[in-house]
Each structure stands twice: as C-alpha cells, then as structure tokens.
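Biologist: I'd like to go through this protein with you, one question at a time. Can you pull it up for me?

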Amino acid sequence: MSYFLKFLRGKRSPRHHQSNDSNLQKKNIEDDVLDSDLSQNTENLKLLFSQTPDLVIRRFSISASKSEAALVYLSGLTNKDTIHNHVLKPLMNSSFDFNKELPITIGDIEIVYTCGEVENAILGGDSVLLLNGQNTGYRLDTKGWPQKQPSTPQNEISIKGANQGFVETGSQNIALIRRYIPHQELILKEMIVGIRGKTKVSLLYLRDVASEDVLNELETRLQNIKVDAIINIGELIEFIEDNPYSPFPQFMLTERPDTAVSHILQGRFVMIMDHSPNVLIAPTNIMSFFQAVDDYGTRWLVSSFIRVLRFLAFMIALFLPATYVAFISYNFEVIPMELLLTIAESRIQVPLPPVMEAVIMEMILELMREAALRLPTPIGQTIGIVGGIIIGQAAVQVGIVSNIMIIVVAVTAIASYNIPNYDMSSSIRLLRFPMMFSAAMFGIVGIVIGWMTIVGHLASLESLGTPYGTPLTPFRFADMKDAFLRFPLWAMKSRPKGTGAIPTIRQGRNRTKR
C-alpha cells in the first residue's frame with residue numbers, strides 16, 4: 001500500500017514541477033526586453049498567452065519595404081473596424097521609414113520596450129505592433145469592448161436635473177464630468193488597484209481648490225491596497241474608509257454627473273473606477289447625505305422646507321418604533337387617556353410583548369423590501385403592495401400584532417424612503433433594531449442613551465481625516481447655510497470648510513440691493 005502511494009506521489013511531482021517551471025519561464029519572459037527578431041517576439045507572446053485562445057497574431061508585410069510586421073491583440077477587447085481601417089490598411093498600402101512616425105490614424109500611440117509592457121497593453125484592450133528588425137513595439141489605442149451608453153439614473157431620480165447617468169466605462173464617466181467643468185485646473189490622476197485584476201481608478205479634483213493633505217492621504221490609502229482584484233466600488237470603500245466598524249457611510253456614492261460636479265466645486269474628490277456605474281465622493285460629512293441635486297434647482301424656501309422634512313423623516317425612521325415600545329412598556333402614563341384606551345383595545349388579543357411585536361413587523365418589512373428589490377420590477381411592485389396588504393391584515397386578524405403597530409411600521413417605512421441616499425437609509429434601518437431593544441429595557445431613558453451614543457459616535461467619526469459631524473461638531477456657522485436649511489445661492493459665498501478647500505470664497509457679490 002505504501003509503495004502504491006509512493007508511486008502516485010512520484011507520478012504527481014513531475015507535473016507539479018513542470019507547472020512551476022512554466023510559471024517561472026513566463027515570469028522571466030515578462031522581464032525580458034523585446035528582441036529585434038519578429039519570430040522570437042511572437043513565440044514569446046505565444047508562451048505568455050499559452051492558454052488564451054482569443055489571442056490574435058496578425059502577421060503581414062509592408063507593401064513598399066517588404067518588411068515583416070505583426071499586430072497582436074485580443075479579439076474580444078478591440079475594435080475590429082479601427083484595426084482594419086486605421087492600422088492594417090495604412091500599413092499595408094504605404095511605405096514608411098522606421099525612424100519617422102507611423103502612418104496610422106490613431107491618436108494614442110506609445111512605445112513599449114519589454115514583453116511585460118506588451119502583455120499589459122494587450123490585456124488592457126490595446127493592440128501592439130511589432131516590426132522585424134526593431135527591438136521596440138508600438139501600443140495602439142484600439143479598445144473596443146462592449147459599452148453601455150449613458151442613460152437615465154435609476155436610483156437618483158431628479159425632477160429638474162439632467163437625465164444622464166454614469167456607465168461602467170471610466171473614460172466615458174470622465175468625459176461626462178469634463179463637459180460640466182471644461183477648465184485646466186480640473187486634474188485627473190490615474191492609479192492601478194489590484195494585483196491580478198489591475199482595475200483603473202481615476203481621481204478628479206480642482207487643483208487650486210482641493211486640499212493637498214486630503215489628496216496625499218487618499219493616494220496613500222489607495223497605494224496600500226494589496227488585493228487580487230477590486231470587483232465593485234463598494235469593495236474599494238472598505239479598504240480606504242476610516243472606521244470600518246461604523247454603521248454610517250463615510251463616503252458617498254452617486255450615479256449622477258451633476259451631483260459629482262457639485263461636490264468637486266466644493267473642494268471634494270471624485271473617484272471613478274472602471275466597471276462601476278457609481279462614482280465615489282470623498283471626504284463627506286453627515287449633512288451631505290441629506291442633500292439632493294433638486295435642492296439647488298428649486299426655490300430656496302421650498303428646498304429648505306423639503307430638507308427639514310428629510311431630517312424629520314430621519315428622526316421618525318430611527319425613533320418611532322422605539323418610542324412605541326417605550327411608551328407601551330414603561331412610560332404609558334405620558335399617553336393621553338383616550339389614546340391609551342384605543343391602544344389597549346387594539347392590543348387586548350395580542351399575546352406578544354411590544355418589543356417582539358415591533359421586531360417581527362420590522363423583519364417582515366425588511367424581507368418584503370429585499371424581495372421586491374431582487375425581483376423584476378413589475379413583479380416586485382406586485383409583491384410589495386399585495387404582500388403588505390395580505391400579511392398586515394392577516395396578522396391583525398390572527399392577533400399577532402395590533403392595528404397601531406401596523407401604522408407605526410408603515411409610517412417608519414415611508415420616513416426611511418424620504419432619505420435621498422440609499423447607504424444612509426440602510427444605516428438607519430439597521431440602527432432601528434438596537435434602539436428598540438434599548439427602549440424595551442430602559443424605556444425613554446434607553447432612547448436617550450441610544451441617541452447620545454449615536455451623537456458621540458458621529459462627533460468622533462472622520463472621513464479621510466476630516467470631521468464627519470461638521471458643521472455641527474466642530475460647529476461652523478458659515479457652513480450652516482447649506483445644512484438644515486438651504487439659503488439662497490447668492491448668500492453662500494464660501495465653500496464648506498469641512499472639505500479643507502484652499503480658497504474658501506467661491507463667488508462674488510451677485511445680488512445688489514434694491
């Protein structure tokens with residue numbers, strides 16, 4: 001038996017060593033410079049892409065000089081029309097000197113020197129031109145993978161704003177922002193994140209406005225990421241956020257170019273990641289999550305009223321179920337007698353304590369919300385409406401919950417939908433449960449303890465080293481013009497100080513006295 005196992009190990013080990021030798025050979029080829037022999041270069045590329053059947057090596061001869069050349073690319077990542085009309089046709093129908101420019105009608109052409117640079121260019125969607133007798137190659141911008149055109153944002157609906165939203169291609173998202181800010185001070189910095197995935201992350205900011213310290217901190221955190229690949233921008237946030245254990249979002253995601261541009265003008269940074277239809281805005285504060293793009297396209301009195309409603313919805317979504325539990329369990333003496341009799345009559349057949357009643361209904365609401373979100377839109381709407389009516393009515397008739405509890409849960413759900421940012425709304429939904437348990441144990445005192453804990457946590461939280469609770473903690477009176485109320489635009493002359501913006505004045509005197 002031992003001889004048989006030893007025999008099997010002996011059979012496996014050469015295959016293992018062969019695999020290691022192959023990987024080591026590929027690693028050595030990546031570090032090698034290109035050879036002047038075209039055949040040697042193509043053989044090296046075949047070895048590097050040995051398990052890549054979509055690799056295309058198009059060998060041809062230049063008509064006048066009869067020189068041999070090869071164009072190498074991946075068929076699924078390039079534009080075939082660009083390769084045929086702007087690369088192969090000019091090269092095969094004209095003569096040119098190697099020491100002069102190529103007769104190629106493509107804007108972006110770079111010289112590559114090593115096999116590793118050729119490999120990265122091909123995997124990035126470019127094509128590489130290799131010429132016999134030259135120990136360098138030419139990277140040609142012929143990207144042509146499937147792309148989605150800008151469409152209406154799905155999660156951030158605007159009444160008066162633009163209807164264009166970000167897409168999954170980083171270059172298109174950068175172009176959407178440049179259309180709003182065609183200025184030389186709009187800086188673009190590109191970084192590669194991921195060892196295997198090599199995802200491109202682009203930083204956009206105003207050089208004469210944004211804080212240099214915040215920029216250095218953000219670049220340091222991005223450079224310190226050591227991971228195979230970043231699939232979506234939510235994963236990127238977890239690697240660079242200040243406090244990963246906080247329930248509150250420390251960066252803002254948006255799918256609207258006008259929202260991103262508005263924050264850039266305030267002195268913030270926008271991160272665009274390939275493959276993601278959302279861009280990341282940093283640094284942020286608690287007030288940023290209650291602002292919407294329509295606030296600045298509507299009259300300031302109306303916008304201020306709507307913003308007050310959002311903060312009221314925040315308090316309702318966070319405290320209403322806990323307040324119900326506290327009043328029914330401990331502090332029922334503060335309820336008016338007529339209302340107390342009505343509540344007692346509706347709860348006379350409910351065998352569960354108020355906290356269990358509230359938790360069950362909130363969990364059912366969350367299950368219905370997730371089911372409606374994952375199902376197709378027509379089916380999801382049907383499930384949400386019909387399921388809510390049937391389950392709510394059946395629960396009341398059976399006696400599991402009371403009519404008052406159904407009203408509390410419904411109002412809480414409506415209030416949570418009034419918060420314009422999905423991440424902040426999700427955080428409030430999560431915090432609702434510990435608030436209910438605190439109210440069940442200590443009544444109104446428990447709610448006060450929970451609220452003070454949240455306030456203390458917000459005061460200590462930071463976003464890229466900047467205060468998260470500004471303009472409240474630390475208090476900045478000038479920034480209060482765009483906090484709970486939205487003052488007229490001509491009255492907001494300075495940029496928010498919480499972003500660390502260098503020139504705080506962003507506009508002059510735009511309105512004269514009459």
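What follows is a short run of questions and answers about the model shown above.

Modeller: Quick ground rules: this is a predicted model, where local features need pLDDT of at least 70 and side-chain atom pairs count only at pLDDT 80 or more, while totals for chains, interfaces and linings use all residues. Residues are numbered from 1 along each chain as its sequence is written, and side-chain values use heavy atoms, with hydrogens and water left out.

Biologist: Fine. What percentage of the residues of the protein count as buried?

Modeller: The protein has 15 helices and 12 strands; helices (H or I, at least four residues) and strands (E, at least two) are DSSP runs, numbered from the N terminus. Buried means under 20% relative accessible area, exposed over 50%, and partly exposed in between, with a 1.4 Å probe and protein chains only. Of the 514 residues, the share that counts as buried is 44%.

Biologist: Which residues have the most contacts inside the largest nonpolar core?

Modeller: A nonpolar core is a set of buried Ala, Val, Leu, Ile, Met, Phe, Trp, Tyr and Cys residues joined through side-chain atoms within 4.5 Å. In soluble globular proteins, nonpolar side chains tend to be buried together. The largest core here has 64 residues, and those with the most contacts inside it are Ile 177 and Met 424.

Biologist: And which helix gives the largest share of this core?

Modeller: The core draws on 64 residues. The largest share is 11 residues, and they come from helix 9 (residues 300-329).

Biologist: Which residues of helix 8 are buried?

Modeller: Helix 8 (residues 257-265) is mostly covered, with 7 of its 9 residues buried. Contact means heavy atoms within 4.5 Å, and Ile 177 touches residues including Ala 260, Val 261 and Ile 264. What covers the buried residues of helix 8 includes helix 5 (170-180) and strand 9 (269-273). The buried ones are Pro 257, Asp 258, Thr 259, Ala 260, Val 261, His 263 and Ile 264.

Biologist: Where does the chain make a cis peptide bond with omega of about -10 degrees?

Modeller: Most residues other than glycine have a negative phi, and most peptide bonds are trans. One cis bond joins Thr 470 and Pro 471, but its omega is about 10 degrees. For the bond you asked about, look to the loop between strand 10 and helix 9, where Pro 283 sits. The bond with omega of about -10 degrees joins Ala 282 and Pro 283.

Biologist: His 275 has a positive phi; is His 275 buried or exposed?

Modeller: Phi of His 275 is near 75 degrees, and this residue isn't a glycine. His 275 is in the loop between strand 9 and strand 10. Because its relative accessibility is 52%, His 275 counts as exposed.

Biologist: Then what about Leu 464, buried or exposed?

Modeller: Leu 464 also isn't a glycine, yet has a positive phi of about 55 degrees. Leu 464 is found in the loop between strand 11 (462-463) and strand 12. With relative accessibility at 3%, Leu 464 therefore counts as buried.

Biologist: Last one: what is the relative accessible area of Phe 475?

Modeller: Phe 475 is found in the segment after strand 12. Phe 475 helps make a nonpolar surface patch with Val 308, Leu 472, Phe 477, Phe 484, Leu 485 and Phe 487; such patches join nonpolar side chains (Val, Leu, Ile, Met, Phe, Trp, Tyr) within 5 Å, from residues with over 30% relative accessible area and no salt bridge, meaning no side-chain nitrogen of Lys or Arg within 4 Å of a carboxyl oxygen of Asp or Glu. Phe 475 is exposed, and its relative accessible area is 53%.

Technical notes:
Patch = residues over 30% accessible without salt bridge, like charges linked within 9 Å, V, L, I, M, F, W, Y side chains within 5 Å. Areas by Shrake-Rupley, 256 points an atom, 1.4 Å probe, with all protein chains shown as cover. Lists of a residue's contacts leave out its neighbours within four places in sequence.
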